[in-house]
Amino acid sequence: MHPTHTCEGASGTTGHQATRSWVASIIKEKLKAFPNYKPKDIVNDIKQEYGIQLNYFQAWRGKEIAREQLQGSYKEAYSQLPFFCEKIMEANPGSLALYTTKEDSSFHRLFVSFHASLHGFQQGCRPLIFLDSVPLKSKYQGTLLVATAADADDGVFPVAFSIVDSESDDNWHWFLLQLQSVLSTSCPITFVAGSEHRLKDSIAEIFEGSFHGYCLQYLTEQLFRDLKGQFSHEIKRLMVEDLYAAAYAAKPEGFQTSLDNIKSISVDAYNWIMQSGPGNWANSYFQGTRYNHLTSNFGELFYSWASDADELPITQMVDVIRSKIMELIVSRREASDQWVTRLTPSMEEKLSRERQKAHSLQFVLCGSSTYEVSGDPNELVDLDRWECSCKVWQLTGIPCCHAIAVINGINRSVYDFCSRFFTSEIYRLTYSEAVLPIQYVDVPAAKDSQLLVTVTPPSTRRPPGRPATKRHGSEDIVKRQLQCSRCKGLGHNKSTCKEQS
């Protein structure tokens, strides 16, 4: 027997002598190949290969050190922000990359909007912006504030984003101020966002004359939070169906019918809904133009991107998002080059559905451009004003079946009466500019740099325990969009369906 051991198992069966640095050195290469290498798997592998029993936190701390060695220092990334913002704007002229610090020089917030995004929004997107927030799970936490738009094919188009130390009234106000400074548009913008006062007041103040449509999903979640414990899952499902039907209803009569259904289930819920300001979320009362978009979940795209990047240092996180935007623009531009239709594919499909319903409709001329269309009930179509009394044309920007019946009957092209925002041409214009890579060079040494600002990490740190994976605490019941079981259309149920049974 040789009592002096030279193998690494000499540290025994406990992890007391296994330092975090040693754990990091052992797992570094595997972490590089498998970024989702879990601490519990590290514990098992170290036990199997070296006979050392680590606890969970030793493995977790070792992983943190190895990740920093691979990805770079979180702290140094903040100090590089001034130089990094300059490089963004240098590589992409016309973009804005702006950061602020607190009095102690700690990071406060960062705003980024690329020229390609601003050009695409202003040239090809509807004046419609969705606001959302994404909690970050990085070492210093923080929140991603995002502004997105809808392209001509109803795809998510990124406009701007901001990383802030926390989601607060002040940070939302600052984000909207920067957004307003880069959007050179004179027409009123409709915002779809939560109903919090932080947004309501800031939108009204910064974007004067704009409209604020409450996100229907947030509204539904707030309803069940305020009336907690009163309803079973099945009752919630029925109420959500009626609430969505009320919101999508084009006319006040349809809105009230659905609300009466809710009232028959719960007077408390009915009263809460009536006091929530239907003028900010119901189609039949909203004054702005939302093109039938009633939720702000367009931020889900950023949520997916942030999930891939929020464990990275801040500069790398921003560059991952930049590369995602770059790839999105290129792939959509290439896909649209194959289109031969006048409208984008999704809009051609919507138009086709309305065309099918128009075949059996008859009409008579009432005035110079006004027609009465037979149906249940009869509707009035004004071609000069692009309006139908059913309100569907005004809500969607696509001629309804009543308008199509008239347009076809007088031998006009239905495409001449579709919103320009839905054409393939405008889609290609939206994605005509490129987001260019940032040229990485070494950050200038302090003695050579003209940058006098030193940025340090924020004071917030990730709390102990596993980060929450469920976003917003969403109710499972509101995840699906309302779909009619009769015509398979979205936004209503069979009780409010206009299809003939």
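Ser 266 caps helix H12 at its N-terminal end, with a side-chain oxygen 3.4 Å from the backbone nitrogen of Asp 268. Keep in mind that this is a predicted model. H12 spans residues 267–274, and its buried residues are Ala 269, Tyr 270, Trp 272 and Ile 273. These four cover an arc of only 165° around the axis, so they sit on the same side of H12. What do they pack against? Their partners are helix H9 (216–226), helix H10 (233–248) and helix H11 (252–265).

Helix H6 (residues 115–124) is another one to look at. Seven of its ten residues are buried, so H6 is largely enclosed by the rest of the structure. The buried set includes Leu 118 and Phe 121, along with His 119, Ser 117 and Gly 120.

**The nonpolar cores**

Now to the interior. The largest nonpolar core holds 69 residues, and Leu 131, Leu 144, Phe 161, Leu 179 and Leu 183 have the most contacts inside it. Which element gives this core its largest share? Helix H14 (residues 314–336) does, with seven residues. Another core lies apart from it and has 32 residues, including Met 347, Leu 361, Leu 383 and Cys 390. If you would like to zoom in on one residue, try Leu 179: beyond its neighbours within four places in sequence, it touches Phe 111, Ile 129, Ala 147, Val 159, Ala 160, Phe 191 and Phe 207.

**The four-stranded sheet**

Four strands make an open sheet, ordered S8-S9-S10-S11, with antiparallel pairing. Strand S8 (363–365) and strand S11 (387–388) stand at the edges with a single partner strand each, so one side of each has no neighbour in the sheet. Helix H17 (residues 401–409) packs on this sheet and touches S8, S9, S10 and S11, its direction making about 55° with that of S10.

Strands S9 (residues 370–373) and S10 (residues 379–382) are joined antiparallel over four bridges, and five residues lie between them in a hairpin. S10 is also joined to S11, here by two bridges and again antiparallel. That pair forms a hairpin too, with four residues between the strands, and Trp 386 in the turn has a positive phi of about 55°.

Here are some residue pairings across the strands:

| Residue | Opposite residue | Strand of the opposite residue |
|---|---|---|
| Tyr 371 | Val 381 | S10 |
| Thr 370 | Asp 382 | S10 |
| Val 381 | Cys 388 | S11 |

Val 381 is a handy place to start exploring the sheet: Tyr 371 stands opposite it, and Cys 388 in S11 is its bridge partner.

Conventions
Residues are numbered from 1 along each chain as its sequence is written. This is a predicted model: local features need pLDDT of at least 70, side-chain atom pairs count only at pLDDT 80 or more; totals for chains, interfaces and linings use all residues. Side-chain values use heavy atoms; hydrogens and water are left out. A nonpolar core is a set of buried Ala, Val, Leu, Ile, Met, Phe, Trp, Tyr and Cys residues joined through side-chain atoms within 4.5 Å. Buried means under 20% relative accessible area, exposed over 50%, partly exposed in between (1.4 Å probe, protein chains only). Contact means heavy atoms within 4.5 Å. The arc is that of the directions from the helix axis to the C-beta atoms. A polar contact is a pair of N or O atoms within 3.5 Å; within protein, one must be able to donate a hydrogen and the other to accept it, and residues adjacent in sequence count only if both atoms are side-chain atoms. Two strands pair if DSSP finds at least two bridges between them. Axes are lines fitted to C-alpha atoms, for helices over the stretch in contact, and angles run from 0 to 180 degrees between N-to-C directions.
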